[in-house]
Amino acid sequence: MRAFQTILVTGGAGFIGNHLVRHLVKRYPEVQIVNLDKLTYAGNLENLRDIESSANYTFVKACITDEEAIKGIFSQYKPDAIIHLAAESHVDRSIHSPLEFVMTNTVGTVNLLNQARLLWGDDFDNKLFYQVSTDEVFGSLGPSGFFNEDTPYDPRSPYSASKASADHLVSAYRHTFGLPTVISNCSNNYGPYQFPEKLIPLVLNNIRNEKPLPVYGDGSNVRDWLYVVDHVLAIDLIAHQGALGETYNVGGHNEHRNLELVEIMCDLMDERLGNDVGTSRNLIEFVRDRPGHDHRYAIDPAKIEHDLGWTPTININEGLSLTIDWYLENNLWLENVTSGAYKSYYAQMYNVVEK
Ligand code: NAD
Ligand code: TYD
């Protein structure tokens with residue numbers, strides 16, 4: 001069991017990051033939690049309003065690719081653990097701007113690895129560089145089988161390729177320089193505070209606004225969904241107890257075809273909003289498929305279950321209910337994030353004619 005004095009979380013103002021920062025600040029009041037984030041379109045400090053004045057919390061605005069800035073922040077705060085989440089995370093954006101993804105996800109990770117080496121020297125006692133990665137690095141599955149820790153990397157989108165190369169560099173720094181590293185590869189997360197460009201919040205937001213629900217291709221692609229808090233609990237366990245140099249797959253056996261998931265959300269929203277049965281399903285529109293759209297992701301979580309005793313605590317029915325209730329109660333948050341810039345991106349991406 002590792003113990004830390006200062007944990008630096010990158011990307012803590014993003015979707016998963018804000019849940020992680022909140023969890024760490026509350027669970028470890030004796031540990032300083034430093035949130036380093038550039039505040040891109042996906043970073044929102046409003047997400048952390050409830051804990052921003054906690055004595056053990058500090059926010060620092062910086063870009064992970066900025067060598068001087070990261071050196072300064074590391075020498076000021078001297079983190080003994082770095083939990084690295086900062087990334088460009090949306091596959092569709094990566095198809096439009098691959099270079100931005102390589103810069104942040106790959107080059108930014110190398111910059112953090114270099115600065116960790118510089119700060120720690122040869123003293124790796126109770127030190128950790130934790131790379132939070134995705135199952136998308138494994139590529140695409142057919143109708144059967146699961147990704148496990150031995151599945152070869154086979155990334156197929158600029159997003160997953162930039163994350164895969166970052167993961168390889170983290171492993172290379174472990175082998176070459178002895179850096180104390182760990183990597184986890186998680187399936188699709190959902191829950192409160194997710195930016196409404198990803199499937200679940202996009203569908204909920206569009207139902208509320210009676211806008212079309214864009215389903216790519218024929219909606220048969222399969223994703224394995226995990227409630228964000230269960231990912232955060234896995235990250236906490238891996239950070240404190242994961243074996244150095246190891247990788248852990250995180251997922252909860254919650255596979256759904258996209259169309260099936262959208263229909264479930266439509267029906268739950270109709271119930272909540274008092275609509276006639278089928279009202280929201282009428283908004284479903286099949287749109288042009290994503291180029292290179294991975295067919296199926298599915299995680300075998302046996303290793304983290306067996307080695308660290310992790311299991312998901314929230315099933316998909318509970319998780320979707322919690323998520324839907326949160327989005328319905330947080331209209332102001334949604335309005336604040338769906339800015340003008342987001343709308344023009346949206347129109348460009350989907351080419352959807354507004355009803
Ligand atoms: P997100 O897009 O919601 O948040 C990313 C955060 O990183 C934002 O706060 C953004 O401001 C920050 N950021 C972006 N570029 C930066 C830079 N150059 N310097 C500093 N900060 C920067 O992403 P998320 O969904 O919370 O994902 C977090 C991490 O978890 C990512 O590394 C992602 O690959 C991984 N992951 C996500 C999922 C998922 O389903 N969302 C699943 C598995 C793994
Ligand atoms: P997304 O939330 O973007 O996550 P990822 O691509 O990283 O898995 O998409 C989840 C699935 O939903 C994916 O198969 C693409 C599909 N999708 C749609 O059908 N319509 C949409 O508007 C979006 C954003 C995604």
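What follows is a short exchange about a predicted model, its two sheets and its two ligands.

This is a predicted model, in which local features need pLDDT of at least 70, side-chain atom pairs count only at pLDDT 80 or more, and totals for chains, interfaces and linings use all residues. Residues are numbered from 1 along each chain as its sequence is written, chains are lettered from A and ligands numbered from 1 in the order in which they are written, and side-chain values use heavy atoms, with hydrogens and water left out.

Colleague: Which strands stand at the edges of the open sheet of seven strands?

Modeller: Strands are DSSP runs (E, at least two residues), as helices are (H or I, at least four), and both are numbered from the N terminus. Two strands pair if DSSP finds at least two bridges between them. The seven strands run in the order E3-E2-E1-E4-E5-E6-E10, with parallel pairing. Pairing on one side only marks the edge strands, E3 (57-61) and E10 (247-250).

Colleague: What is the average twist from one strand to the next in that sheet?

Modeller: Axes are lines fitted to C-alpha atoms, for helices over the stretch in contact, and angles run from 0 to 180 degrees between N-to-C directions. From one strand to the next, the twist averages 20°.

Colleague: Which residue in E6 stands opposite Val132?

Modeller: Strand E5 covers residues 128-134 and strand E6 covers residues 181-186. The two pair in the parallel sense over six bridges. Opposite Val132 in E6 stands Ser184.

Colleague: What angle does helix H7 make with E5?

Modeller: Helix H7 (residues 228-241) packs on the sheet. Contact means heavy atoms within 4.5 Å. H7 touches strand E4 (81-84), E5, E6 and E10, and its direction makes an angle with that of E5 of about 150°.

Colleague: In the sheet of three strands, why is one side of E7 and of E11 left without a neighbour?

Modeller: This open sheet has the order E7-E9-E11, with mixed pairing. E7 and strand E11 (255-257) are at the edges, so each has one side without a neighbour in the sheet, because each has a single partner strand.

Colleague: Which residue in E9 is the bridge partner of Tyr190?

Modeller: E7 and strand E9 (residues 222-227) pair in the parallel sense. Three bridges join them. The partner of Tyr190 in E9 is Tyr227.

Colleague: At what angle to E11 does helix H8 run?

Modeller: Helix H8 spans residues 258-273. H8 lies across E9 and E11, and its angle to E11 is about 90°.

Colleague: Which element gives the most residues to the shell around ligand 1?

Modeller: A residue is near a molecule or strand if one of its heavy atoms lies within 4 Å of it. Around ligand 1 there are 28 residues, and Ile16, Asp37, Ser89, Tyr159 and Lys163 come nearest. With three residues, the element that gives the most is E5.

Colleague: How much of the accessible area of ligand 1 does the protein cover?

Modeller: A polar contact is a pair of N or O atoms within 3.5 Å; within protein, one must be able to donate a hydrogen and the other to accept it, and residues adjacent in sequence count only if both atoms are side-chain atoms. A polar side-chain atom of Lys163 is 2.6 Å from an oxygen atom of ligand 1. Accessible areas come from the Shrake-Rupley method with a 1.4 Å probe; for residues, only the protein chains shown count as cover. Of the 840 Å² that ligand 1 has on its own, the protein covers 96%.

Colleague: Which residue has a polar side-chain atom 2.5 Å from an oxygen atom of ligand 2?

Modeller: Ligand 2 is surrounded by 18 residues, and the closest are Glu136, Pro214, Arg223, Arg290 and His293. The side chain of His293 has an N or O atom 2.7 Å from an oxygen atom of ligand 2. The residue at 2.5 Å is Arg290.
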